[in-house]
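Student: I have a structure open and would like to go through it with you. Could we begin with the charged side chains?

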Amino acid sequence: MQRIAIFGKGGIGKSTLAANLAAVYAQSGKKVLLVGCDPKHDTTVALTEGRPIKTVVEQSAFMDAFARDLSGLLVKGRLGVDCVEAGGPEPGIGCAGRGISRTIELLNGAGVLREGRHDVAIFDVLGDVVCGGFAAPLRQGFADKVVIVASEELMSLYAANNIARAVRNYSANGIALCGLVGNLRDPGADRAAVQRFAAGIGTQVLAFLPRETAVREAEYRRVAVVEHAPRCAFSKSVLALAKTLWSYDRAKAKVPTPYPDELFHELSHKGFASSVPEPKPEAVPALPQQRQPGPGPEPGPGPDPGPQGPSEKDLAAWHGSLWENDPGPNSQVWGAADQWRNFFCDFETRRNVRMCLEGSTPVVNVWHQDLECSFATPNYNDPSLPAFFKFPWPPYVEGGEEERPPQREKKGRRRNQDRGDEGEGRWNVMTNLRDLDVIHGGGRKLDEALAAAVAQAEGRARAVVVHSTCIPTVIGDDAEAVVARWQKRTKVPIVYMNHTSGSCEDFDVCLALFRNLQKDPSFAKVRRRPGTVNLVGFPNGPALQELVALLREAGVEVHARVMPHLDIDAARGYLAAEAQVLYPNGAYAKTYKEFFEHLPIKTLKLDAPYGWEGTLGWAQAVARGLGRKGRVAPALARASKDLAKEWESARREVRGRGVAFVVDGFHMRRLTDPSQTWGVPLLRVLREMGLGVEILCCGEAKRKGVPGLRFFRTQEELDRLLRDGRFEAVYSEYTYDNRLARAGKAQFSLDCFEMGLAGAVRSLRKLGGICRWPFARRYARFMGED
């Protein structure tokens with residue numbers, strides 16, 4: 001099937017050309033599909049007796065993920081042309097691009113675009129701003145040939161230059177720019193300038209369409225020009241163009257070389273004259289799925305990692321030596337070229353880390369977002385919620401469902417607006433934006449959510465906090481105006497937070513409140529309580545409770561815990577503690593410096609209490625810092641007496657087992673610097689447990705003799721190392737990693753590690769169970785599919 005996309009500036013004649021090409025092909029006996037991808041939805045009126053057809057976004061199938069019957073979407077036009085109109089929002093709101101993307105998805109899912117159903121499909125696409133939505137026929141690979149309609153006017157050529165960039169960006173999909181079609185405003189205009197422009201961007205002018213009264217007459221009669229006046233010059237030009245496009249060989253097409261903006265404007269002053277130096281072609285970015293690293297050396301078998309594997313010192317020597325240019329984190333970019341070798345989710349696990357405090361002050365949170373955003377956003381206070389990523393904390397919730405009575409459903413609260421569990425002083429409402437809201441704007445849903453939130457807050461909460469996320473920002477929702485209207489209607493304070501705004505990315509309501517407390521003169525006028533500490537940044541859960549009990553045995557009382565929970569009453573007396581212990585998390589470094597390190601209180605910066613020896617050393621250091629050294633040894637002896645046998649027993653059970661990490665030069669630091677792994681010293685703890693460790697590193701070996709370090713350069717080499725490696729589990733921060741399933745390996749991540757002595761035993765038993773579990777090995781051939 002031929003697939004042709006017609007692009008061009010608004011009002012340039014795209015729809016007229018698309019409808020007439022459809023009519024020409026239909027008159028020649030071909031089965032034709034005409035898809036209007038313009039919010040004006042007027043592409044097909046020339047073939048439907050002048051009646052606008054019902055658009056896709058107006059129909060119920062638009063929201064049906066499993067829609068297969070699209071009989072209501074396809075309208076049979078004259079000459080047997082199947083007509084579809086994507087439609088779009090009211091002018092000035094929402095995102096029409098998503099409507100186009102969804103329309104293409106529906107047509108493809110229902111088999112409308114499959115080979116054999118039509119001989120040719122023509123897409124009429126708005127091309128003023130080629131965003132991802134309007135480029136859907138290119139991005140999703142459903143257009144083979146691209147035609148750009150342009151006039152001699154500067155802005156029309158500028159739009160054509162931008163469209164050529166879109167074609168270049170998706171050229172790896174097999175998209176070919178056939179050329180420009182000139183639809184001149186002025187019959188006497190310099191055609192040579194348009195031809196020079198086309199040659200400058202690496203293409204050609206396929207045809208110039210003459211201007212004549214027959215075109216206007218056909219538009220008023222709502223018929224195709226080739227039907228109304230088949231012998232006019234315009235109809236003959238379209239007929240010739242249709243033949244040219246049908247026989248055009250995409251294999252011979254060149255990737256366009258659009259002008260950079262500055263050069264475009266410079267050359268436009270001279271009519272793109274050939275005396276001006278030719279533009280340097282912009283780089284052609286390959287699509288992620290098309291790009292693979294070049295062939296490299298075969299991965300060697302490497303030495304047996306043994307029970308220890310490489311040390312932090314060994315890996316520190318390798319960090320930065322594998323790549324001349326540090327590639328940096330890229331897991332935040334879906335489909336990145338090196339995603340196949342990336343097992344870390346740095347961006348996702350740290351996102352919104354400065355907006356993570358859960359205050360004791362009762363508030364109602366309004367989450368203006370889609371449901372999927374909940375699964376991709378770290379929830380620092382309720383890690384039991386489902387997520388796409390393995391966030392770095394165990395799935396325990398302090399005061400979770402097993403510890404608190406069930407909550408009765410509040411009157412008037414809609415279940416589909418819940419976000420998370422509802423606890424004391426915490427209520428959540430979510431707008432749950434869907435495709436139609438993206439297209440038509442989410443203001444109405446936000447208005448409804450605020451109505452429910454304000455009703456919930458009155459008499460029970462101190463404030464309503466509105467969290468606006470990516471989608472409302474991208475589609476241009478005026479959320480602040482909606483919030484302002486509601487603030488005039490209620491006395492409950494409404495705080496607006498845009499997590500995607502540069503000015504708000506580091507804003508947290510509770511941190512701001514804590515800062516205000518510090519400015520109060522009474523904050524510093526508290527009596528010190530010897531032998532007390534504040535714990536800052538320590539993950540919630542049973543392990544933290546056990547650490548608090550261990551410190552109490554050693555004569556140290558925990559006065560307050562801050563981050564991820566903030567008790568306002570405890571914060572008022574924060575300086576009553578003798579010292580503060582900062583959890584070694586690099587993601588919190590900025591917060592520590594701004595809110596804690598300047599306070600007039602002794603600050604202890606210690607390694608986190610992970611593993612057996614790490615926990616004992618941490619407790620001793622805290623006790624020494626507070627002058628309680630004499631009591632700590634007996635307390636630790638009592639606490640470790642029974643657990644020591646369990647620890648040694650668990651170590652015997654994992655003997656001979658091994659785990660692996662996949663890294664590059666950048667992510668090597670995750671294994672050598674615990675502050676980059678949320679305080680968990682991975683290699684030290686794993687060695688203490690007795691597990692073998694193997695490192696699979698993307699790069700080339702520049703020196704020999706480091707046990708447990710193997711190298712790869714291609715995806716095939718990595719797959720082979722994963723499949724044949726003598727280890728049972730591999731580290732990955734994705735909730736489900738099909739790369740490991742395909743290799744028959746189990747998966748572990750930071751959420752396997754807990755603080756404290758009992759936490760060390762639980763961590764070891766959990767990792768041992770993962771390594772012994774035969775499911776991945778047994779069913780690898782069934783689980784490796786995408």
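Tutor: Let us begin with Arg762, which counts as partly exposed at 27% relative accessibility. Please note that this is a predicted model.

Student: Which residue forms a salt bridge with Arg762?

Tutor: The partner is Glu754, and the closest N and O atoms of the pair are 2.9 Å apart. Glu754 counts as buried, with a relative accessibility of 3%.

Student: Which residues are joined into one network by salt bridges that share partners?

Tutor: Asp437, Arg444, Lys445 and Glu448 are linked in that way.

Student: How many salt bridges does the structure hold?

Tutor: There are 27 salt bridges in the structure. One of them pairs Arg3 with Asp144, where the closest N and O atoms are 3.8 Å apart. Arg3 belongs to strand S1 (residues 2–8), whereas Asp144 sits in the loop between helix H3 (136–139) and strand S6 (145–150), so this salt bridge ties together parts that are 141 residues apart in sequence.

Student: Is Arg3 buried or exposed? And what about Asp144?

Tutor: Arg3 is buried, at 11% relative accessibility. Asp144 is buried too, at 15%.

Student: What does Arg78 pair with?

Tutor: Arg78 forms a salt bridge with Glu227, and their closest N and O atoms are 2.7 Å apart. Arg78 lies in the loop between S3 and strand S4 (82–85), and Glu227 lies in helix H7 (residues 225–228), so the pair connects parts that are 149 residues apart in sequence. Arg78 is buried, with a relative accessible area of 17%, while Glu227 is partly exposed at 25%.

Student: Changing topic: how many disulfides are there?

Tutor: The count comes to 0 disulfides.

Student: Why is there no bond for Cys752?

Tutor: The closest cysteine sulfur to that of Cys752 is in Cys771, and it is 9.4 Å away, which is too far for a bond. Cys752 is buried, with a relative accessible area of 4%. Cys232 is another buried cysteine, with a relative accessible area of 11%.

Student: Now the interior. How many residues has the largest nonpolar core?

Tutor: It has 88 residues, and those with the most contacts inside it are Phe596, Phe661, Phe748 and Phe753. Helix H27 (residues 757–772) supplies the largest share of this core, 7 residues. Apart from it lies another core of 50 residues, including Ala121, Ala143, Ala160 and Ile201.

Student: What does Phe661 touch?

Tutor: Leaving aside residues up to four places away in sequence, Phe661 touches Leu671, Leu682, Leu683, Leu686, Val693, Glu694, Ile695, Leu696, Tyr731 and Phe748.

Student: Which residue other than glycine has a positive phi?

Tutor: Glu49 is one of them, with phi near 60°. Glu49 is in the loop between strand S2 (32–37) and strand S3 (75–76). Trp678 also has a positive phi, of about 55°, and lies in the loop between helix H23 (669–672) and helix H24 (682–689). Trp678 counts as buried, at 6% relative accessibility.

Student: Lastly, how many residues of helix H1 are buried?

Tutor: H1 is mostly covered, with 12 of its 14 residues buried; among them are Lys14, Ser15, Leu17 and Tyr25. H1 spans residues 14–27 and reaches 20 Å from its first C-alpha to its last, close to the expected 20 Å.

Student: What follows H1?

Tutor: Gly29 follows H1, and its phi is positive, near 95°.

Note on methods. Residues numbered from 1 in each chain as written. Predicted model: local features only at pLDDT ≥ 70, side-chain atom pairs only at ≥ 80, totals over all residues. Heavy atoms only, no water. Core = buried A, V, L, I, M, F, W, Y, C linked by side-chain atoms within 4.5 Å. Buried < 20%, exposed > 50% of the residue type's maximum accessible area, 1.4 Å probe, protein only. Helix = DSSP H or I, 4+ residues; strand = E, 2+ residues; numbered from the N terminus. Contact = heavy atoms within 4.5 Å. Expected span 1.5 Å × (residues − 1). Disulfide = S-S within 2.5 Å. Salt bridge = Lys/Arg side-chain N within 4 Å of Asp/Glu carboxyl O.
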